[in-house]
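Student: Could you take one part of this fold, the sheet and the helices packed on it, and go through it closely for me? I would like each term to come with its cut-offs.

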Amino acid sequence: TMKQFRFWLYVSLALGCFVPSACNKPAISDDKPVDIVDLLGKEDKLYQDLTIQSQYKGQKMTYSVWLPGGYDENKEYPFLYLLHGYESGDQSHLDRYWVEKGNAREIAKKYVKEGGVPMVIIMPNGLSDFYIGNNQAYEKYFHQELMPSVEKAFKCNGKRAIAGLSMGGFGTLYYALSYPQKFTYAYAMSPATSMSWFITLDQMKEKAAALAGIKPHPDFTIEVGNQDTTVSNADAKELSDAINDAAHCEWIARDGIHYWNFWQECLPKALQKAGESFK
């Protein structure tokens, strides 16, 4: 009938406008049309350059958020904090780097689609502060301003993992060693273990030794490229051994240099480890 024709035309146009991939075969059942809003809700979402006015940093700080497909604002989710590396020059959009250079969105979508644990991924702008900063200003911002804000806004269930590359690999280890009861897993990629001017390798090893008396504490992975000449793999191995004396630290050394294609291969493993730790 004309009435039925108009109905299916409306559905087809709506799907064509909002879900281009569905144009050829609309996801419509014979007896019950799929609600357009519900269909759109199954898509993942990415918000970039969100801001927090930081008292500790004295400026607006940016961060990006990835929400898995089917995200329900009435439910709570585990969180992964994903940290970028050191970048000189313009510091204003570093929260975008894991998506724009690391393909993080597509990797995360694939992980969840293949049965991984749906999680919220927070990608903060770390500036060039090694996630500590002068007088620990960045560290205070991260733990006292950023974390409470995003975990309230995007419904954290209290389980968190942390991962990062280079400077962010250092930040991953520093935060997991300094706040071990906050995190279920820490995955450090090509960590700049001894390059921070805010803390020494020996001080990091002291934090590692203290893990033995702290419960719960996270498990760790440190993954490095054998051809990486930017950071010291020897120093990373030294810290890995110190962590392994008090907790569990997986050490992975494989072919690779200090570059995004190496870290893109690390990220699926980091997501897998984080997801397992959330269960």
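Tutor: Helix α5 (residues 137-153) lies across β1, β2 (59-67), β3, β4 (120-124) and β5, and runs at about 145° to β3. Helices (H or I, at least four residues) and strands (E, at least two) are DSSP runs numbered from the N terminus; contact means heavy atoms within 4.5 Å; and axes are lines fitted to C-alpha atoms, for helices over the stretch in contact, with angles from 0 to 180 degrees between N-to-C directions. This is a predicted model, in which local features need pLDDT of at least 70 and side-chain atom pairs count only at pLDDT 80 or more, while totals for chains, interfaces and linings use all residues. Residues are numbered from 1 along each chain as its sequence is written, and side-chain values use heavy atoms, with hydrogens and water left out.

The sheet itself is open and mixed, its eight strands following the order β1-β2-β4-β3-β5-β6-β7-β8, where two strands pair if DSSP finds at least two bridges between them. Its edge strands, each pairing on one side only, are β1 (45-54) and β8 (249-254), and the twist from one strand to the next averages 20°. Strands β3 (residues 77-83) and β5 (residues 156-165) run parallel and are joined by six bridges, with Tyr81 standing opposite Ile162 in β5.

Helix α9 (residues 260-278) lies across β3, β4, β5, β6 (185-189), β7 (219-225) and β8, running at about 175° to β6.

Tyr81 is also among the residues with the most contacts inside the largest nonpolar core, which has 52 residues; such a core is a set of buried Ala, Val, Leu, Ile, Met, Phe, Trp, Tyr and Cys residues joined through side-chain atoms within 4.5 Å, and buried means under 20% relative accessible area, exposed over 50% and partly exposed in between (1.4 Å probe, protein chains only). The largest share of this core, seven residues, is contributed by helix α6 (residues 167-178). Phe220, likewise listed among the residues with the most contacts in the core, touches residues including Leu173, Leu177, Tyr185 and Ile243, neighbours up to four places away in sequence not being counted.

Ile243 is in turn one of the buried residues of α8, whose cover includes α6, α7 (201-210), β7 and β8. Ala236, also in helix α8 (residues 233-246), is buried, with a relative accessible area of 0%; apart from neighbours within four places in sequence, Ala236 is in contact with Pro191, Thr193, Ile222, Val224 and Trp251.
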